[in-house]
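Hi everyone, thanks for coming. I'd like to walk you through one model today, starting from the inside and working outwards.

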Amino acid sequence: MQRLTRLAVLVITLAVGHAGASTAHAVAERSCGRIRDDGARVGIVVKRGKVPCSTARKILRTYFRSHAPCSGSSCLRKHAGWTCQTAPASELPRLASCVSPGKRIAAYSTAD
C-alpha cells in the first residue's frame, strides 16, 4: 500500500510540475503598433516567440514592399530567415504571416 501511495504522489507531482512548466513559457500575443503600406495602416502582432517589435515591423514592411517574385498560389517569399505568406481571403482581417523557427508574426487590416 505504501508503494502505491508513493507512486500516486510521484505521478501527481510530475503532472503538476509539467502543467506549471508548460504555462510558464507561454507568451501572450502582443501588438507592435502599425506600419503604412501604400497609405493603408497595417497592424503588426507578435503571435509566438520572443520577437522585438522593431524586428516584426521590419520583416513585414520588407515583405509588403518587396518586388521579388512570389511562389505558390499565394505570395510566398523568404528573407532574413523568415518565410512570409499572404493570408487567404477567408482569414481577413489577417493580411499575411511570417514564421521563423519558434516565432510567428502577423499583419492585420485595421478599420480606421
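**The core and what surrounds it**

Let's begin in the middle: the largest nonpolar core has 18 residues, and I44, W82, C98 and I105 are the ones that touch the most other members. By nonpolar core I mean a set of buried Ala, Val, Leu, Ile, Met, Phe, Trp, Tyr and Cys residues joined through side-chain atoms within 4.5 Å. Two or more residues each come from strand 1, strand 2, helix 2 (53-65), strand 4 (82-86), strand 5 (94-100) and strand 6 (103-109). Helix 2 gives the largest share of this core, five residues. As general background, nonpolar side chains tend to be buried together in soluble globular proteins.

A word on where this comes from: it is a predicted model, so local features need pLDDT of at least 70 and side-chain atom pairs count only at pLDDT 80 or more, while totals for chains, interfaces and linings use all residues. Residues are numbered from 1 along each chain as its sequence is written, and side-chain values use heavy atoms, with hydrogens and water left out.

On to the overall layout. The chain has two helices and six strands, and along the sequence they follow the pattern α-β-β-α-β-β-β-β. Helices (H or I, at least four residues) and strands (E, at least two) are DSSP runs, numbered from the N terminus. Of the 112 residues, 27% count as buried. For those labels, buried means under 20% relative accessible area, exposed means over 50%, and partly exposed lies in between, with a 1.4 Å probe and protein chains only.

Now, how are the strands connected? Two strands pair if DSSP finds at least two bridges between them. Strand 1 (residues 30-37) and strand 2 (residues 40-48) run antiparallel, joined by six bridges. One partnership to look for is S31 with V45 in strand 2. V45 also has a bridge partner in strand 6, namely A106. That belongs to the antiparallel pairing of strand 2 and strand 6, which again has six bridges.

From strand 6 we can step across to strand 5: they run antiparallel, and six bridges join them. Two of our core residues meet here, with C98 opposite I105 in strand 6. In the pairing of these strands you'll also find A96 opposite A107 in strand 6. Strand 5 has strand 4 as a partner too, antiparallel and with four bridges; there, T83 stands opposite V99 in strand 5. Which residues of strand 5 are covered? Five of its seven residues are buried, making the strand mostly covered.

Let me zoom in on I44 for a moment. Leaving aside neighbours within four places in sequence, I44 is in contact with residues including C32, I35, A56, L60 and A106. Contact here means heavy atoms within 4.5 Å. Across the chain, among contacts with a separation of 6 or more, 35% are between residues 24 or more positions apart.

Next, the turns and loops, where those of you who like backbone angles may want to lean in. Strand 1 and strand 2 form a hairpin with two residues between them, and D38 in that turn has a positive phi of about 50°. D38 is exposed, at 80% relative accessibility. Strand 5 and strand 6 also form a hairpin with two residues between them; in that turn G102 has a positive phi of about 75°. A80, in the loop between strand 3 (76-79) and strand 4, has a positive phi of about 50° although it is not a glycine. A80 is exposed too, with a relative accessible area of 66%.

There is also a cis peptide bond between L92 and P93, with omega of about 20°. P93 sits in the loop between strand 4 and strand 5.

Two last stops. K50, in the loop between strand 2 and helix 2, is exposed at 73% relative accessible area. K50 and R104 are 54 residues apart in sequence, yet 9.2 Å apart in space, C-alpha to C-alpha. And finally, R77 lies over the face of Y63, at 5.6 Å from the ring centre. The rule there is NZ of Lys or CZ of Arg within 6 Å of the ring centre and within 35 degrees of the ring normal.

That's my tour, and I'm happy to go back to any part of it.
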